[in-house]
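Biologist: I am new to this structure and should be grateful for a close look at a single part of it. Please describe one strand and its surroundings with care, and then place that part within the rest of the chain.

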Amino acid sequence: MARVTLADVNKIYGTGTRAVHAVQDLDLTINDGEFVALLGPSGCGKTSTLRMIVGLESVTSGRIRFDGQDVTHLEPQQRNVAMAFETYALYPNFTIEENLTFPLEVQGVPPKERRRRAHQVAEMLRITPVLKEKPPGLSGGQQQRVSLGRALIREPAVFILDEVMSHLDAHLKFQMLFDLKRLHRDLKRTMIYVTHDQVEALALADRIAVMSNAKLQQVGGRAALYNRPANAFVADFIGEPPTNFFTARPLQENGSLTMQVDNSTLRFQLSSEAQAAVNATGGERFIVGLRPQNLTLDPNRGDPNRGRLKAAIAINEYLGERSILTLESGKARFRALVPPETAAGQRDIIDLFYDPTRVMIFDAETEDLIV
Amino acid sequence: MAATADIAQANTQAAQTAERWRAVRYLFLIFLGFWLLFTLFPLYFMAITAFKSAAETNLTQPTFWPQEWFPENFVGVFAEPTNFSALVDSFIIATGNTLLSLLLGSLAGYAFARFPRQAGGENMAFWMLSNRMFPPVAILVPMFFLFDNTPWGTDSHISLIILYLVFNLPLATWLMMVFFRDVPHELEEAAYLDGWKPLRAFVKVTLPLVLPGMISVAMLCWIFAWNEYLFANLFVGSDVRTYTIVIPTFTHGSQTLWNLQMAFSLIAMIPPVVLFIVLRRYMVRGLSLGVVKG
């Protein structure tokens with residue numbers, strides 16, 4: 001078990017004009033026993049980051065430390081890291097038991113002890129019945145558990161899971177989420193979970209590190225990422241359906257500051273805190289963000305200061321436990337999450353209400369959160 | 001009812017299609033039969049000629065069954081005691097070349113499969129393979145002078161073992177590259193993370209997976225080296241003799257002793273045929289190029 005520190009880590013593939021900056025100035029600390037998810041779209045540098053942590057990829061610059069010990073230039077064999085691969089990477093010509101005990105064999109653990117531990121791990125992961133079989137005969141879920149077991153059988157300093165659920169169906173995924181959460185609770189290992197699926201990350205991790213375009217965007221818990229995203233990217237990436245964005249300019253109205261959306265009649269009221277912050281920047285252009293979950297059809301709920309938007313319905317998607325309305329006002333398009341029984345049809349004009357404190361304002365240039 | 005008529009028509013069509021496919025199948029079987037006759041006849045004729053007398057082989061009207069059996073031919077071919085050692089020489093050269101081709105070809109193939117950019121890329125690999133495409137006779141004379149200037153000269157086992165690399169190494173490299181590519185790199189990475197050093201991970205994890213492929217490569221190399229005549233004829237002859245250059249020596253004055261040639265050929269066929277039978281399980285798996293898919 002270990003605390004993992006990445007200090008100013010960079011990864012550049014290739015040289016000269018064809019160089020690709022895959023990871024840029026990454027600073028991240030993962031505490032001992034913590035479960036951290038590395039979340040981002042494909043190509044954001046998360047896989048390069050984890051490959052540098054385990055030592056399969058060299059570090060262009062910066063330092064990686066385990067419990068303060070510099071491992072930047074150590075071989076993977078010397079780091080005591082375990083990894084479960086996206087493709088499982090089970091040795092096809094070994095039996096499941098041999099797969100599980102392979103890491104112990106090189107450590108010189110006697111065969112009897114190896115077998116005992118293989119059975120112990122198999123018990124924990126419910127794969128005892130297949131111990132004598134070979135990987136191609138197993139189901140995806142079983143293969144996945146074997147690959148977890150192979151990583152768990154020794155006591156790794158860091159345990160890394162690379163997109164381990166992307167090939168599982170929804171039902172198995174749910175089961176695996178539960179298993180992983182339980183494993184982490186029982187074993188209290190430092191775990192790094194790499195994924196592009198925010199649902200998995202939100203469900204599992206103590207903290208989530210969001211990456212995009214080779215850079216770390218924000219690290220934090222669920223609530224922080226959801227309610228106070230560092231920038232428009234995080235606001236867009238976290239939450240389903242994604243946040244609505246509008247380009248807008250500030251407008252004085254009856255002594256208070258509002259946000260007038262471009263090419264639309266939509267106008268957002270701001271909290272007094274937001275008004276002060278926007279005034280302080282003195283900017284002319286902003287991005288306004290509002291989550292579909294924060295729009296409601298009910299005018300009576302909450303305080304009388306709530307803002308109101310008038311828009312026409314373009315699509316009413318019925319999804320069973322809820323409906324998603326896609327609305328239009330001028331050139332602006334946005335979505336709202338409403339109760340499933342909402343009967344409004346296409347081209348109906350409706351009023352939607354929101355809490356002004358939920359409105360997020362981003363800088364139009366840097367896309368960083370202002371308030 | 002229109003629907004019933006449609007179904008009936010569909011059934012007739014299906015029956016017609018099935019009929020047509022059956023006809024194609026029969027045609028194909030007939031073709032295969034002819035093909036089999038065509039390829040087996042020379043072997044058959046070789047086998048019976050090996051048992052004929054010299055006189056019978058010279059009849060203007062060839063016989064397709066020996067009038068008189070002459071198994072003595074198989075003793076006759078060894079009247080010259082060096083004829084047996086020619087088989088041994090061929091064996092040494094073929095085996096030595098195969099081992100060397102496998103060793104170097106595996107290393108190069110691994111490099112092309114795992115580090116394509118550092119190894120020079122697909123073009124480099126293809127250039128190596130293209131070395132097999134020129135007519136061998138084009139380099140016959142230059143190679144003779146080249147090897148003549150080496151300490152071991154041309155008339156030695158080592159010269160042919162090295163020379164045959166020209167033909168076998170590109171083949172071994174290319175095929176091994178394909179086999180190594182089939183083994184996911186992640187398996188080796190998983191082994192590194194499990195604590196295994198690269199060489200031991202290679203031996204433990206990768207090698208068993210490419211073994212069927214490796215065996216078929218070995219077979220191809222061995223058979224090429226075993227059967228090679230052109231270079232052997234020019235290079236060796238006194239200290240070392242391969243069986244291929246012994247066969248044309250079965251003459252009597254101006255007369256070719258077909259029966260002895262065929263008897264010796266039949267003996268020379270035994271090692272590859274035995275090898276093939278013993279290793280055919282691996283050959284099939286290796287040549288289907290799907291070692292670890294599953």
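Modeller: The account below begins with one strand of chain A, β7(A), and then moves outward to the remainder of the model. The model is a predicted one.

Strand β7(A) covers residues 158-162, and five of its five residues are buried. In a regular strand the side chains alternate between the two faces of the sheet. Here one side carries Val158(A), Ile160(A) and Asp162(A), the other carries Phe159(A) and Leu161(A), and both faces are covered. A residue counts as buried when 20 or more other C-beta atoms lie within 10 Å of its own C-beta atom, and the residues on either side of β7(A) are all buried in this sense.

β7(A) has strand partners that can be followed through one residue, Leu161(A). Strand β6(A), residues 81-84, pairs with β7(A) in the parallel sense over four bridges. Within that pairing, Leu161(A) is the bridge partner of Ala84(A). Strand β8(A), residues 191-195, also runs parallel to β7(A), and four bridges join the two. There Leu161(A) stands opposite Tyr193(A). The connection from β7(A) to β8(A) involves a helix: β7(A), helix α5(A) at residues 170-187, and β8(A) make a right-handed β-α-β unit.

The partner strand β6(A) leads to the contact between the chains. This contact takes 18 residues from chain A and 16 residues from chain B. On the side of chain A that touches chain B, β6 and α2 (96-106) each supply at least two residues. The residues of that side divide into 14 nonpolar, four polar and no charged.

Another enclosed element of chain A is helix α1(A), residues 46-54. Nine of its nine residues are buried, so the helix is largely enclosed by the rest of the structure. Its buried residues include Lys46(A) and Arg51(A), as well as Leu50(A), Met52(A), Ile53(A) and Val54(A). Gly55(A) follows α1(A) and has a positive phi, near 95°.

Two residues other than glycine also have a positive phi and may be described together. Asp67(A) has a phi near 50° and is placed in the loop between β4 (61-66) and β5 (69-70) of chain A. Asp67(A) counts as partly exposed because it has 13 C-beta neighbours inside 10 Å. Arg126(A) has a phi near 60° and is found in the loop between α3 (111-125) and α4 (140-152) of chain A. Arg126(A) is partly exposed, with 13 other C-beta atoms within 10 Å.

The domain assignment divides chain A into domain 1 (4-237) and domain 2 (244-363). The C-alpha centres of these two domains of chain A lie 39 Å apart. A cis peptide bond joins Glu240(A) and Pro241(A), with omega about -5°. Pro241(A) belongs to the loop between α8 (232-237) and β11 of chain A.

A second sheet can be described further along the chain. This open sheet of five strands has the order β13-β12-β11-β14-β19 in chain A, with antiparallel pairing. At its edges stand β13 (267-269) and β19 (360-363), each with a single partner strand, so one side of each is left without a neighbour in the sheet. On average, neighbouring strands of this sheet are turned by 40° against each other, direction ignored. One of the pairings joins β11(A), residues 244-253, to β14(A), residues 286-290, in the antiparallel sense over five bridges. In this pairing Asn244(A) stands opposite Leu290(A) of β14(A). Helix α9(A), residues 272-281, packs on the sheet and touches β11, β12 (256-261), β14 and β19 of chain A. The direction of α9(A) makes about 75° with that of β12(A).

A view of the whole chain completes the picture. Chain A has nine helices and 19 strands, and its C-alpha trace spans about 80 × 50 × 35 Å along its principal axes. Of its 371 residues, 41% count as buried. Among contacts in chain A with a separation of 6 or more, 65% are between residues 24 or more positions apart.

Notes:
Residues numbered from 1 in each chain as written. Chains lettered and ligands numbered in written order. Predicted model: local features only at pLDDT ≥ 70, side-chain atom pairs only at ≥ 80, totals over all residues. Buried ≥ 20, exposed ≤ 12 C-beta atoms within 10 Å, placed from the backbone. Pairing = 2+ DSSP bridges. Right-handed = clockwise from strand over helix to strand, strands pointing away. Axes fitted to C-alpha atoms, helices over the stretch in contact; angles between N-to-C directions. Contact = placed C-beta atoms within 7 Å. Domains from an automatic or database assignment. Nonpolar A, V, L, I, M, F, W, Y, C, P; charged D, E, K, R; others polar.
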